[in-house]
Amino acid sequence: ELPLDVTIKEVGPRDGLQNESDQIPTENKIEWINQLSKTGLPYIEITSFVHPKWIPQLKDAVEVSKQIERNPDVTYAALVPNMKGLERAIEADVDEVSIFMSASETHNKKNINKSIDETYPVLQEVVEAARKEGKSVRGYVSTVFGCPYEGAVDENQVISVCQNLFDMGIDELSLGDTIGVANPLQVDAFLKKLERYFMKDHIALHFHDTRGMALANTVAALQLGYHIFDGSAGGLGGCPYAKGATGNVSTDDLNYMLQEMNIKTGIDQSELLKATSYIQDYVENQLPSKQMNIFKKQ
Ligand code: HMG
Ligand code: MG
């Protein structure tokens, strides 16, 4: 049974921009987020409070968070890896923080410099401190459907990481297909297994579109009643260090598909396309969004 409503969470200003090698001026990031805030999107992940040496593009995280115009109908979130990041996020007064880790050891180590077991206490402390500050907390699990270093990831290992994050007290969990290797049958089988453990209302899907499977995977999840999806405007993203890697599913294509399927998202497609066109002018590569490229030719 397909859901009647879907929540789309925009992660482009974080997941998209984090991979842009040329520094984008802070004022243009702010203007882009302000435009996204007026499209009807209920949720925008605006930046991340990771180490600026690891992600120099987002070193202006505090400035961006403080200077955007906040729409009271939008939840503004940011990625936080540890207590140092949380302190900066609190200073910047974001509404929600997102903690993150991987289901595979090698990716976790390369991404946050810790083993999986070393990561849990760090994140536990962040969740508790964030809660005391009145912030809601989202959790990401990366490499859910496959790891660039280890290949297939054991489903029970993924479920155990998810369980540990929920046990910490997170509000929602986003399942990352980090390198876009999932296929619809795999998504169907895994989510059917997952629904024995967790409520669909607390699970989001975070599909990268590296191999063009993201919308197909979205349909597989929709058919099981999952109704929270992450997207990046224009499909912005893609790692400069991993050849061929691309961004999240394009929010414009996702929103188009859902609306054509009579599923409500509350997002104004033409306003979204305008916001996407705005950021296109400040990034190096042509954005992959099909909808934006049709829009630009009109
Ligand atoms: P580390 O080097 O192990 O950190 O990095 P540390 O705790 O040992 O600290 C070393 C120094 O960094 C200290 O400074 C800290 O204060 C400082 P010193 O005392 O030497 O002067 N430091 C910080 N500074 C600013 N902000 C901070 C911070 N933390 C420590 N938050 C760390 C560990 C986690 C910080 C590092 O590995 C890191 O920043 N990693 C981030 C990697 C990243 O951003 N990856 C991309 C996001 S995840 C993703 O894209 C996947 C997702 O989209 C889902 C999916 O698609 O699967 C979410
Ligand atoms: Mg991602």
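**Reading helices, core and ligand shell**

Student: Which residue follows helix 10, and what is the sign of its phi?

Tutor: Asn262 follows helix 10, and its phi is positive, near 60 degrees. Helices (H or I, at least four residues) and strands (E, at least two) are DSSP runs numbered from the N terminus. This is a predicted model, where local features need pLDDT of at least 70 and side-chain atom pairs count only at pLDDT 80 or more, while totals for chains, interfaces and linings use all residues. Residues are numbered from 1 along each chain as its sequence is written, with chains lettered from A and ligands numbered from 1 in the order in which they are written.

Student: How many residues of helix 10 are buried?

Tutor: A residue is buried if 20 or more other C-beta atoms, placed from the backbone, lie within 10 Å of its own (exposed: 12 or fewer; partly exposed: in between). Helix 10 (residues 251-260) has 7 of its 10 residues buried, namely Thr251, Asp252, Asp253, Leu254, Asn255, Tyr256 and Leu258. Their cover includes strand 1 (7-10), helix 9 (214-223) and helix 12 (290-297). For the whole protein, 48% of the 298 residues count as buried.

Student: Where do the buried residues of helix 4 sit around its axis?

Tutor: An α-helix has 3.6 residues a turn, so residues three or four places apart point the same way. In helix 4, Gly85, Leu86 and Ala89 are buried. They fall within an arc of 100 degrees (taken from the directions from helix axis to C-beta atoms), so they line one face of the helix. Those residues pack against strand 3 (75-79), strand 4 (96-102) and helix 6 (116-132). After helix 4 comes Asp93, with a positive phi near 55 degrees.

Student: Which residues have the most contacts inside the largest nonpolar core?

Tutor: In soluble globular proteins, nonpolar side chains tend to be buried together. A nonpolar core joins buried Ala, Val, Leu, Ile, Met, Phe, Trp, Tyr and Cys residues through C-beta atoms within 7 Å. The largest one here has 79 residues, and Ala78, Val80, Val97, Ile99 and Val141 have the most contacts inside it. Leaving out residues up to four places away in sequence, Ile99 touches Val80, Leu123, Val126, Val127, Val137 and Gly139; contact means C-beta atoms, placed from the backbone, within 7 Å.

Student: And which residues come nearest to ligand 1?

Tutor: Being near means a C-beta atom, placed from the backbone, within 6 Å. Of the 23 residues around ligand 1, Val50, His51, Gly85, Ser142 and Gly176 come nearest. Helix 4 (83-92), helix 5 (105-112) and strand 5 (136-142) each give two or more residues to that shell.

Key:
Two residues are in contact if their C-beta atoms, placed from the backbone, lie within 7 Å.
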